[in-house]
Amino acid sequence: MSKLKEKIDSMKPLFEKGGKYQALHSVFDGFYTFLYTPNETSKSGVHIHDSNDSKRTMITVVLALLPCCLFGIWNVGYQHHLATGECGEFFCQFFYGLWEVLPQILTAYIVGLGIEFIVAQMRGHEIQEGFLVSGILIPMICPVSTPCWMLAVAVAFAVIFAKEVFGGTGYNFLNIALVTRAFLFFAYPSKMSGDSVFVSVGDAATVDGYSGATPLGQLATATPEHVEIFGVNGQPVDFMDIFWGLIPGSWGETSTFCILIGAVILLATGMASWKIMISAFAGGLGMAYLGYAVGNPTYPVTMLQPIEQLCLGGFMFAIVFMATDPVTSCRTETGKWIYGFLIGILAMTIRFYNTGYPEGAMLAVLLMNCFAPLIDWCVVNSNIRRRMKRLAA
Amino acid sequence: MGIEINIKKGLDIPLSGKAKGKPETVKAELVGICPEDFPGYTWKCDVKPGDTVAKGSPLFHAKEAEGIKLISPASGTVEEIRRGERRRILAVTIRTGEEATLQIEADTLTDKLKLSGLWALMRQRPYDVVPAEGASPRDIFVQAFDSSPLAGNVIPTHIAEYLESGLEALKTLTKGNVYLAVRPGQGIRTKAAKVLDMTGPHPAGNASVQIAAVAPVNKGETIWTLDAGTAARIGMLVKKGYCDYRAEVAITGPAAEKPKKVVTEIGASLNVILKGELKEDASLRVISGNVLTGIKVNPTTDFLRFPYRQITIIEEGDKADEFMGWASMSPKKFSIKRTFPAFLRGLEKPFNFDARIKGGHRAMILSGELDKVFPFDIYPEYLIKAMKAGDYDRMEKLGIYEVAPEDFALPEFVDTSKQELQKLTRESLERLRKDS
């Protein structure tokens, strides 16, 4: 046994019931199980277990998010460079971005995990790992200029009212990260959309032709003749820029390439449902083609090429990382097809025909979160009907 | 030709320590019969310490049906009535002595089965308990193989010749069919039963899987299940009027010194058959049965438990200190999910498992993971939720009558949330049975 473990083991009684620090029992337990895999052996049923646990599951999802996260951090600096001409070096851009988003990440984790720790202690539960994923997702889907206090309020709201009141991780029916995002969107609309929130300009002067509008933001207000997209420095943007993610937006979700890396990790490890991803993509693509086919100048977003359409905004990020959240999506295999497909269709429909919201992925996933139990209910009921029929025969 | 059934969902857990070679005969000095191995009845003890018993003498009778007995598998003297909390009987032990075999005499086959203790070796669906008296089974399912990890022979070689007459006898007990589930290539031929050629991974050997593939149990129906060893014992009973209660036991597991097979009395004391099998100064877990459904036993004081076929020895693992196991990239950690790199080296090669649950208990998070090892037309997650909620109506509708606790063993093994599913299923089935 290592020295460190001996030391921690000797501290254990202090945190147990009757110990000096029993109020911190969950915190201690959380750190202990973080450092050492628990030695609890099986008491009933099977004597051996698969090695996968909740910690490994969550950490794998965080790993899948890393490419998007790292790229997003750099892209914050790169967009700053495009907007101001400052910071031409790669490392300067990366550290500029890190400096901008690190407070957001820390705020989300400290507030969210803090609430988790308190609730775990109140309930006498172990700390649940769900927020490890939500905590990194939340800043990634917010504009870079979101003030930390807003983030703190929104995270607290989401964790308490969308998760803990229902019983904690595994019992929530809405995706926590999206509830946070929706709360921010409806509570502080001026800070969540528009031309000035997606690019971190700082105190520097902007270059000529600067506009901080995101591609979808530009299109929503475009005149029908101009379905051209411009970067923050006023230069036109081509498809590859969109694919790599060299555009302004919520900082973690611009790069389709990095999202695809994440998707590969999630699917290869089996941590997300390919059925949801495929059907949501199919739904979105179908709707994008339909929108393009009946393209209407009143709704300029429909004029975009379907593939570009899918790569822009938060759509890809939402179907890879949000729609596949196993707790809030459909749990039956048949249900997953329906659920994903409807997310794809709804996301595009909202984007096209509700000009109030330049992007519809967030609302589409949240709406389908609400319908997932109903879809599952129908699927499970068909199984029940089959069984009842057999009984009647 | 039999009926071919291929099971696709399931898992053969790659555990090392398979028993090989010819079985050696070990005479038990002490045997013990544990009434808790026979759920469905309350067992009343019929003997006291010092009584002389013959092979086949009753030790217990069922309170609810006096004719149904648990018998002594060996002749000798009753040594002890071992009691636990609130004087509940844990076991009756017999010190073996001179050979003496009781002839089983009764008018009907049913009465013979009850009297000979073989009735108690059968199980009924629903509820997975010793069959209720008086019910006529729709069908009878006999398992000639065991698909669980490291399982040995189901039919002891020394009584294999009686299988056919056993199946014939069983046929007289049902208006439906007798099914015999075999692995193709096992070389068992029979005219008395319909043969089910089962292919695919575990749980292909579970009775519920075979029943579900032929015709699932409906509410109000009864199905009997038994292993082919018991069927052969029934054949012997019919032919000879007495029974050989010896079993072929595979001593297996990654921590077994020399995996081997022994022929010994059912309920034999473990300290004799495990001589030389346990590593010194190691923290071991001895399981009577397999790693999925077996019972944790004490190797010095306990006995071979129902279904009397296998012992598995694994490391307990409670002394391990695994630093940041959640970040481990070790290829030695088995997982059917590809979150661990073990899949790169191939999941068929043996892994060294210990008894740790390898994580914390959580609410259900991942979806669909249990379905992958659960070959039924049942939604396991929803059934589990109904069981947790104690919702009888929904449990019935979701198919609880079609499963036994053992069917939830693989889901329990793969479960990321480390829920105790077999315990939950057993408790739910018991509550349903007591209320019906």
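The dialogue below discusses how to read several features of this predicted model.

User: Where should one begin with chain B, and how many helices and strands are there in chain B?

Analyst: A count of secondary structure elements is a convenient start. Chain B holds ten helices and 19 strands. Its radius of gyration is 21 Å, close to the 22 Å that the globule rule gives for 436 residues, so chain B is as compact as a globular protein of that length. The C-alpha trace of chain B spans about 65 × 50 × 45 Å along its principal axes.

User: What share of the residues of chain B count as buried?

Analyst: Burial may be read together with contacts along the sequence. In chain B, 56% of the 436 residues count as buried. Among the contacts of chain B with a separation of 6 or more, 69% are between residues 24 or more positions apart.

User: How many residues of chain B are in contact with chain A?

Analyst: An interface can be read by counting residues, then elements, then residue classes. Here 59 residues of chain B are in contact with 49 residues of chain A. Strand S17 (284–288), helix H7 (380–389), helix H9 (409–414) and helix H10 (421–435) of chain B each supply at least two residues of the side that touches chain A. H9(B) gives the most to that side, with four residues. By class, the side of chain B that touches chain A divides into 26 nonpolar, 14 polar and 19 charged residues.

User: Which residues of helix H2 of chain A are buried?

Analyst: For a helix, one may list the buried positions and then look at their directions around the axis. In H2 (residues 25–35) of chain A, the buried residues are Ser26(A), Asp29(A), Gly30(A) and Thr33(A). These cover an arc of only 105° around the axis, which puts them on the same side of H2(A). The buried residues of H2(A) pack against helix H4 (90–123) of chain A.

User: Why does Thr84(A) count as buried?

Analyst: For a single residue, the neighbour count decides. A residue is buried if 20 or more other C-beta atoms lie within 10 Å of its own. Thr84(A) has 20 C-beta neighbours inside 10 Å and therefore counts as buried. Thr84(A) lies in helix H3 (residues 54–84) of chain A.

User: With which residues is Thr84(A) in contact, leaving aside its neighbours within four places in sequence?

Analyst: Such contacts link separate parts of the sequence. Thr84(A) is in contact with Val201(A), Ala204(A), Ala205(A), Thr206(A) and Val207(A), once its neighbours within four places in sequence are left aside. In addition, the C-alpha atoms of Thr84(A) and Ser200(A) are separated by 9.7 Å, although the two residues are 116 residues apart along the chain.

Technical notes:
Residues are numbered from 1 along each chain as its sequence is written. Chains are lettered from A and ligands numbered from 1 in the order in which they are written. This is a predicted model: local features need pLDDT of at least 70, side-chain atom pairs count only at pLDDT 80 or more; totals for chains, interfaces and linings use all residues. Two residues are in contact if their C-beta atoms, placed from the backbone, lie within 7 Å. Ala, Val, Leu, Ile, Met, Phe, Trp, Tyr, Cys and Pro count as nonpolar, Asp, Glu, Lys and Arg as charged, and the others, Gly among them, as polar. The radius of gyration is taken over C-alpha atoms; the globule rule is 2.2 Å times the number of residues to the power 0.38. A residue is buried if 20 or more other C-beta atoms lie within 10 Å of its own, exposed if 12 or fewer, and partly exposed in between; C-beta atoms are placed from the backbone. The arc is that of the directions from the helix axis to the C-beta atoms.
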